[in-house]
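Student: I should like to understand how the descriptive terms used for a protein model are justified. May we go through them one at a time?

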Amino acid sequence: TGVQTCASDLALALRRAKRQALGLLGLVTAVFIATSVVERDLLLNCIKAMAEAAMVGALADWFAVTALFKYPLGIKIPHTNLITNNKDSLGRNLGNFVSTNFLTADTIRPYIDKLSISEYLNDWLSKDKNQQLIHSECSKIIQRIISNLDDESIAEFLATKGFELTSEIRLEKLAATSLLYLLEQNEHDRLLNIILPQAQHYVENNRELIYKKVVEKKPILGLIGGKSVTNQLISGITTFLEEIEKNPNHDIRKSVTLKLYQVVEDLNEKDDWHEKFDQIKEEFITKEKLYEYTKDIWLRLKEDMLEKLSDQNATFNQYIKQNIQQMIVSFQEDETMQENIDKYARQYVYKMVLKNSNEVGKIITNTVQKWDGNELSEKMELEVGKDLQYIRINGTLVGGLVGLVIYTLTHLFL
């Protein structure tokens with residue numbers, strides 16, 4: 001709409017200027033006719049000569065201005081309708097002119113030296129809506145990447161890497177290291193402290209079951225007071241367990257500790273443990289089984305990540321937002337980074353402009369050559385036609401003055 005309004009204004013101004021030039025031509029023509037049909041004295045002869053010369057000047061300049069944009073009176077006179085007939089060379093010359101006169105090192109350097117990308121980025125990044133835009137786009141990109149990942153390939157990759165890792169791991173060494181760590185942290189004592197009260201509670205609550213088991217093994221005890229013997233046995237067991245629980249230096253605790261340290265030593269030194277764990281790996285840790293586990297884990301993880309990315313209040317989204325804000329603050333406070341960005345941007349733009357100056361000329365040339373000749377002529381007439389009409393007006397006035405001077409000189413000297 002703005003372009004159409006501008007073109008309409010230009011067309012109106014052009015028509016007004018044409019009417020002024022034509023009106024002036026009509027005026028001097030009327031003066032010439034009037035002075036030609038009456039008796040003349042010296043003054044009227046001067047006026048007639050001036051009007052005659054003004055007519056010639058006006059018509060000559062009309063012809064010159066019109067010849068730029070069209071054929072005068074529709075007559076195809078050579079070297080007229082210049083813009084339409086010379087459109088291609090005009091575009092080529094214009095492209096060369098811009099490339100050689102505007103896109104040079106000396107002309108572009110002052111403007112490029114003022115270029116400040118960092119200032120624009122600071123201003124852009126400081127706006128909340130732009131920060132939200134960055135966060136939104138980052139989330140979308142991550143979602144798109146995760147969604148487009150090939151589940152089969154990911155599961156296969158994880159299974160392969162997991163199988164390679166387990167193949168290299170000595171499980172008996174890992175078990176020995178883990179057990180040694182538990183021993184050094186007294187975790188086995190804590191485990192006993194959990195088990196012993198439960199064992200006591202189990203024994204106390206299963207007296208009848210224990211009695212039956214004892215009678216099954218030794219029927220004769222049922223005949224000679226088996227329950228009494230069983231109760232004594234149970235009391236002895238619970239007392240024994242209670243002593244172990246309350247005495248941190250009990251022999252049983254020490255014995256268990258020594259046995260566990262012996263297991264650690266055996267795991268590190270005896271080959272039969274290595275063979276046993278290898279057998280376990282071959283039986284339970286196969287690539288096929290790992291693939292099933294990794295695929296299930298990956299699908300669950302993928303679903304969870306996509307769900308959290310869709311939730312703006314999820315921790316993952318908040319983490320992305322927080323990191324974006326931290327990067328923005330770091331950029332705004334890092335003057336060295338800003339200076340480097342400006343420097344690299346200026347160097348890049350400077351090199352690209354100089355490198356592609358000829359391409360800009362080609363773009364101008366190709367664009368002009370693709371235009372319709374008549375359309376180009378009309379566009380140019382709209383842009384400069386108003387000013388060219390003043391050439392006609394000036395030609396009329398200057399022609400009249402020159403005619404007056406010539407007539408005066410001729411009358412005085414000849």
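Tutor: Let us begin with Asp151, in a model that is predicted. Asp151 has a relative accessible area of 21% and is described as partly exposed.

Student: Why is Asp151 called partly exposed?

Tutor: Buried requires a relative accessible area under 20%, and exposed requires over 50%. The value for Asp151 is 21%, so Asp151 counts as partly exposed.

Student: What makes Lys302 buried?

Tutor: Lys302 has a relative accessibility of 11%. Because buried means under 20%, Lys302 belongs in that class.

Student: How do you know that Lys302 and Asp151 form a salt bridge?

Tutor: The rule asks for a side-chain nitrogen of Lys or Arg within 4 Å of a carboxyl oxygen of Asp or Glu. For Lys302 and Asp151 the N to O distance is 2.9 Å, so the pair meets the rule. This pair links distant parts of the chain: Lys302 is in helix H16 (residues 287–310) and Asp151 in helix H8 (residues 151–168), 151 residues apart.

Student: What makes Asp123 and Lys127 a salt bridge?

Tutor: Their closest N and O atoms are 3.2 Å apart, which is within 4 Å, and therefore the pair qualifies. Asp123 has 43% relative accessibility and is partly exposed, and Lys127, at 33%, is also partly exposed.

Student: Where do the partners Arg190 and Glu187 lie?

Tutor: Both lie in helix H10 (residues 187–205), three residues apart, which is about one turn of the helix. Their side chains meet in a salt bridge with an N to O distance of 2.7 Å. Arg190 is partly exposed at 42%, and Glu187 is partly exposed at 31%.

Student: How many salt bridges does the rule give?

Tutor: The count comes to nine salt bridges.

Student: Let us turn to helices. Why is H7 called roughly antiparallel to H16?

Tutor: The axes of helix H7 (residues 128–148) and H16 come within 10 Å and cross at roughly 160 degrees. An angle over 145 degrees counts as roughly antiparallel, so H7 is roughly antiparallel to H16. The crossing of these helices is left-handed.

Student: Which residues of H7 and H16 meet?

Tutor: Ile142, Gln143, Ile146 and Ser147 in H7 meet Lys302, Met305, Leu306, Leu309 and Ser310 in H16. The contact of H7 with H16 divides into five nonpolar residues, three polar and one charged.

Student: What makes H16 oblique to H17?

Tutor: H16 and helix H17 (residues 315–333) pack at an angle of about 60 degrees, with their axes 7 Å apart. Roughly parallel requires under 35 degrees, and roughly perpendicular runs from 65 to 115 degrees. An angle of about 60 degrees fits neither of these, nor is it over 145, so H16 is oblique to H17. H16 passes H17 in a right-handed crossing. The contact is made by Lys308, Leu309 and Ser310 of H16 with Phe316, Asn317 and Ile320 of H17. By class, the contact of H16 with H17 has three nonpolar, two polar and one charged residues.

Student: Why is H10 also called oblique, in its packing with H14?

Tutor: The axes of H10 and helix H14 (residues 251–269) come within 11 Å and cross at roughly 130 degrees. Roughly perpendicular ends at 115 degrees and roughly antiparallel needs over 145, so an angle of roughly 130 degrees makes H10 oblique to H14. H10 passes H14 in a right-handed crossing. His188, Asp189, Leu192, Asn193 and Leu196 in H10 meet Arg253, Thr257 and Leu260 in H14. By class, the contact of H10 with H14 has three nonpolar, three polar and two charged residues.

Student: Is Thr100 buried or exposed, and how do you know?

Tutor: Thr100 has 54% relative accessibility, and because exposed means over 50%, Thr100 counts as exposed. Thr100 is placed in helix H4 (residues 87–101). Thr100 and Asn358 are 258 residues apart in sequence and 8.4 Å apart in space, C-alpha to C-alpha.

Student: Why is Gln338 called buried?

Tutor: Gln338 has a relative accessible area of 13%, which is under 20%, so Gln338 is buried. Gln338 is found in helix H18 (residues 335–355). Leaving aside residues up to four places away in sequence, Gln338 touches Ser118, Asn122, Phe331, Gln332 and Glu333.

Note on methods. Residues are numbered from 1 along each chain as its sequence is written. This is a predicted model: local features need pLDDT of at least 70, side-chain atom pairs count only at pLDDT 80 or more; totals for chains, interfaces and linings use all residues. Side-chain values use heavy atoms; hydrogens and water are left out. Buried means under 20% relative accessible area, exposed over 50%, partly exposed in between (1.4 Å probe, protein chains only). Helices (H or I, at least four residues) and strands (E, at least two) are DSSP runs, numbered from the N terminus. Axes are lines fitted to C-alpha atoms, for helices over the stretch in contact, and angles run from 0 to 180 degrees between N-to-C directions. A crossing is left-handed if the near helix is turned anticlockwise from the far one by less than a right angle, and right-handed if clockwise. Contact means heavy atoms within 4.5 Å. Ala, Val, Leu, Ile, Met, Phe, Trp, Tyr, Cys and Pro count as nonpolar, Asp, Glu, Lys and Arg as charged, and the others, Gly among them, as polar.
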